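Visitor: Could you take me on a close look at one part of this protein? I would like to start with its open spaces and then see what surrounds them.

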Amino acid sequence: MKKYIILIIAFLFSALCLNVFAQTKQFPFEVLKTGNGEQSIIFIPGFASSGDVWNETRTTFENKFTCYTLTMAGFAGRKPQPNASFENWKNGIANYIKENNIEKPILIGHSMGGGLALAIAADYPDLISKIVVVDALPCLAALSDPAFKSKMDNDCSSTVNQMTGMTNDQFYDMQKKTMPRLLADASKLDMVVDWSVKSDRTTFGQMYCDFYNIDLRERIAQIKCPALILLESYFINLKPTIEGQYKNLKTANFKYATNGLHFIMYDDTAWYLEQLSTFLK
């Protein structure tokens, strides 16, 4: 009898451990799931942004789609996680899709989120049905340095130290000065600045440095699915350079906004939603 009691206790302990592991398993983001359509959309926000950047987009489409809206760990007040990197976040999203049996989702990513959408579709080409890239490039650094070469061992410690060494006032002032170059809609400025200010500084510095070192120009040749590339209005002036970066993405469909800056969803909303609606049908 005693032997059976010990076996039962061991079994219950094992079951408890498995349950706790299942509950505490972490992905490098938080997820808001809404809607109940057969087709799923995964929304990936940009650098230091909250998933709330997709609020208007999500409410437009969640009556027909199941929507998974991410906010990356360490950004916009979310708890940071160790080992933040572009590749770890890319793999984390892909693993979330597989482990939750999300069948061929559509990825919609803004800025760095657009880069993640490109990388996932390139490295997991059979996992995705479509991607929408909102104002992102395969290689951001090459826009200002055509000879740019990605570093194999990219040391981000100096960038992290610079960000963590700032006072709260200094960091706020930096973001307050930077954001009007990215967002024309003044009514959204304080909100977007607040997302940055609430971000973990180590994650901020690490991901800023890491993403700037990413070069997807060759990798995107592996993408099989349709790709809608939405670009801010100024980029029409750099069309040969922009589309040259995408030359290996044979499924790309380029659309240039008519107004505003980097946050296209705020600065040219009607045009942006029209492009999405047409592509998602």
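Visitor: Which helices each supply at least two residues of the lining of the largest pocket?

Guide: Happy to walk you through that, and please keep in mind that this is a predicted model. Four helices fit your description: H5 (141-144), H7 (168-178), H8 (189-197) and H9 (201-212) each supply at least two residues of the lining of the largest pocket. Of the contributors, H9 gives the most, with 5 residues.

The largest pocket itself holds about 970 Å³ of space. Its lining is made up of 35 residues, and the closest to the centre are Ser111, Leu140, Leu182, Tyr208 and His262. Tyr208 falls within the residue range of H9 (201-212). By class, the lining of the largest pocket divides into 23 nonpolar, 9 polar and 3 charged residues.

His262, one of those central residues, also leads us to a buried neighbour. Among the residues that His110 touches is His262, together with Ile44, Pro45, Gly46, Trp54, Val134, Phe263 and Met265, leaving aside residues up to four places away in sequence. His110 sits in strand S4, which covers residues 106-110. With a relative accessible area of 1%, His110 is buried, because the cut-off for that class is under 20%.

Met265, another contact of His110, takes us on to an enclosed space. The count comes to 1 cavity of 30 Å³ or more, and the largest cavity has a volume of about 40 Å³. Met265 lines the largest cavity along with Val53, Glu56, Thr57, Tyr266, Thr269, Tyr272 and Leu273. Helices H2 (55-61), H11 (264-267) and H12 (269-280) each supply at least two residues of this lining, and H12 gives the most, with 3 residues. The lining of the largest cavity has 5 nonpolar, 2 polar and 1 charged residues.

There is also a second pocket to visit. The second largest pocket has a volume of about 200 Å³. Its lining residues are Ser85, Phe86, Glu87, Ser150, Lys151, Met152, Asn154, Asp210, Asn213, Ile214, Asp215 and Arg219. Asp210 lies within the range of H9 (201-212), the helix we met at the largest pocket. The lining of the second largest pocket divides into 3 nonpolar, 4 polar and 5 charged residues.

One further stop is Gly244, found in helix H10 (residues 239-245). Gly244 is partly exposed, with a relative accessible area of 33%. The C-alpha atoms of Gly244 and Arg217 are separated by 9.1 Å, although these residues are 27 apart along the chain.

Stepping back, let us look at the whole protein. There are 12 helices and 7 strands in it. The protein has 281 residues and a radius of gyration of 20 Å, which agrees with the value near 19 Å for a compact globule of that length. Along its principal axes, the C-alpha trace spans about 80 × 50 × 40 Å. Buried residues make up 49% of the 281 residues. Of the contacts with a separation of 6 or more, 79% join residues 24 or more positions apart. Finally, the accessible surface comes to about 14,200 Å², with 54% of it belonging to carbon and sulfur atoms.

Definitions and conventions: Residues are numbered from 1 along each chain as its sequence is written. This is a predicted model: local features need pLDDT of at least 70, side-chain atom pairs count only at pLDDT 80 or more; totals for chains, interfaces and linings use all residues. Side-chain values use heavy atoms; hydrogens and water are left out. Buried means under 20% relative accessible area, exposed over 50%, partly exposed in between (1.4 Å probe, protein chains only). Contact means heavy atoms within 4.5 Å. On a 1 Å grid over the protein atoms alone, a cavity is a set of points where a 1.4 Å probe fits but cannot get out, and a pocket is an open set with protein on both sides within 12 Å along at least five of seven lines; lining residues have an atom within 4 Å of a point. Grid points are joined across faces, edges and corners, and a volume is the space filled by probe spheres set on the points. Ala, Val, Leu, Ile, Met, Phe, Trp, Tyr, Cys and Pro count as nonpolar, Asp, Glu, Lys and Arg as charged, and the others, Gly among them, as polar. The radius of gyration is taken over C-alpha atoms; the globule rule is 2.2 Å times the number of residues to the power 0.38. Accessible areas come from the Shrake-Rupley method with a 1.4 Å probe; for residues, only the protein chains shown count as cover.
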